[in-house]
Amino acid sequence: MEQINKVILRGTVGQCKTQTVQNTTIGYFSLATNYAYFDKDKTPCIETTWHRIRATENGKTISNLDSISKGDTLEIEGRLRVYNYTAMDGESKTGIEIIAGKVIKIDNENSFAPQRENI
């Protein structure tokens, strides 16, 4: 049986930074996604989830990571990766990040028919 590890997100960029390592640009950014629902009292609620994203420019599906900035709307396609690290207090912790295979910048001007630009 085939195994699948695939994530597709569309959300708003929070923090973002890039660094270049051996002529390859790597982008690290957070992406907020919202889920709207009504609670048991019929009160509208919005649940925001922050995702940690890592993207490496490859020239085909990801390029121009330097053009991503806070507030941009992105569509991310990638895979989940779980990692372990030691916190500053010495405690062992587990984190989850999304390794992006495809990054598309969505034009916020026209939300009904978004203009897509491969990043």
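Does Glu 75 count as buried or exposed, and at what relative accessibility? Glu 75 counts as buried, at 14% relative accessibility, although its side chain forms a salt bridge with Arg 10, the closest N and O atoms being 2.5 Å apart. This briefing concerns a predicted model, in which the protein chain has 119 residues. The secondary structure of the chain comes to six strands and zero helices, and the sections below take the fold, the core, the surface, the charged pairs and the backbone in turn.

**Overall fold**

- From the N terminus on, the elements follow the order β-β-β-β-β-β, in keeping with a secondary structure of six strands and zero helices.
- Of the 119 residues in the protein chain, 32% count as buried, while the chain exposes about 8,600 Å², of which carbon and sulfur atoms supply 47%.
- When contacts between residues at least 6 apart in sequence are considered, 51% of them join residues that are at least 24 apart.

**Strand pairing**

- Strands E2 and E3 pair in the antiparallel sense over 13 bridges, and within this pairing Ile 26 has Thr 56 in E3 as its bridge partner.
- E2 and E3 also form a hairpin with five residues between them, and Lys 42, which lies in the turn, has a positive phi of about 65 degrees.
- E3 is joined to E5 as well, here by three bridges and with the two strands running parallel; in this region Arg 54 stands opposite Ile 99 in E5.

**Nonpolar core**

- The largest nonpolar core has 15 residues, and those with the most contacts inside it are Phe 29, Ile 53, Leu 74, Ile 76 and Val 103.
- At least two residues of this core come from each of the strands E1 (7-21), E2 (24-38), E3 (44-56), E4 (73-86) and E5 (92-106).
- As a general background to such a core, nonpolar side chains in soluble globular proteins tend to be buried together.
- Leaving aside neighbours within four places in sequence, Phe 29 is in contact with a set of residues that includes Val 13, Cys 16, Ile 53, Ala 55, Ile 68, Leu 74 and Ile 76.
- The contacts of Phe 29, counted in the same way, also include Gln 15, His 51 and Arg 52.

**Nonpolar surface patch**

- Leu 80, Val 82 and Ile 96 form a nonpolar patch on the surface, and together they have about 280 Å² of accessible area.
- Leu 80 has its place in strand E4 and is partly exposed because its relative accessible area of 40% falls between the limits of 20% for buried and 50% for exposed.

**Salt bridges**

- The structure holds four salt bridges, and three of these pairs are described here.
- In one of them the side chains of Glu 77 and Lys 6 meet, with an N to O distance of 3.6 Å; the pair links distant parts of the chain, with Glu 77 in strand E4 and Lys 6 in the segment before E1, 71 residues apart.
- Glu 77 counts as partly exposed, at 27% relative accessibility, whereas Lys 6 counts as exposed, at 52%.
- In the salt bridge between Arg 10 and Glu 75, the closest N and O atoms are 2.5 Å apart, and the pair again links distant parts of the chain, Arg 10 being in strand E1 and Glu 75 in strand E4, 65 residues apart.
- Arg 10 counts as partly exposed, at 44% relative accessibility, whereas Glu 75 counts as buried, at 14%.
- The side chains of Arg 81 and Glu 97 also meet in a salt bridge, at 3.1 Å from N to O, and this pair links strand E4, which holds Arg 81, to strand E5, which holds Glu 97, across 16 residues of sequence.
- Arg 81 is partly exposed, with a relative accessible area of 27%, while Glu 97, at 7%, counts as buried.

**Backbone with positive phi**

- Most residues other than glycine have a negative phi, which gives the setting for the two loop residues that follow.
- Gln 22, although not a glycine, has a positive phi of about 50 degrees; this residue has its place in the loop between E1 and E2 and counts as exposed, at 75% relative accessibility.
- Asn 64 is likewise not a glycine and has a positive phi of about 55 degrees; Asn 64 has its place in the loop between E3 and E4 and is partly exposed, with a relative accessible area of 47%.

Terms used: Residues are numbered from 1 along each chain as its sequence is written. This is a predicted model: local features need pLDDT of at least 70, side-chain atom pairs count only at pLDDT 80 or more; totals for chains, interfaces and linings use all residues. Side-chain values use heavy atoms; hydrogens and water are left out. A nonpolar core is a set of buried Ala, Val, Leu, Ile, Met, Phe, Trp, Tyr and Cys residues joined through side-chain atoms within 4.5 Å. Buried means under 20% relative accessible area, exposed over 50%, partly exposed in between (1.4 Å probe, protein chains only). Helices (H or I, at least four residues) and strands (E, at least two) are DSSP runs, numbered from the N terminus. Contact means heavy atoms within 4.5 Å. Accessible areas come from the Shrake-Rupley method with a 1.4 Å probe; for residues, only the protein chains shown count as cover. Two strands pair if DSSP finds at least two bridges between them. Patches are made of residues with over 30% relative accessible area and no salt bridge: like charges are joined within 9 Å, nonpolar side chains (Val, Leu, Ile, Met, Phe, Trp, Tyr) within 5 Å.
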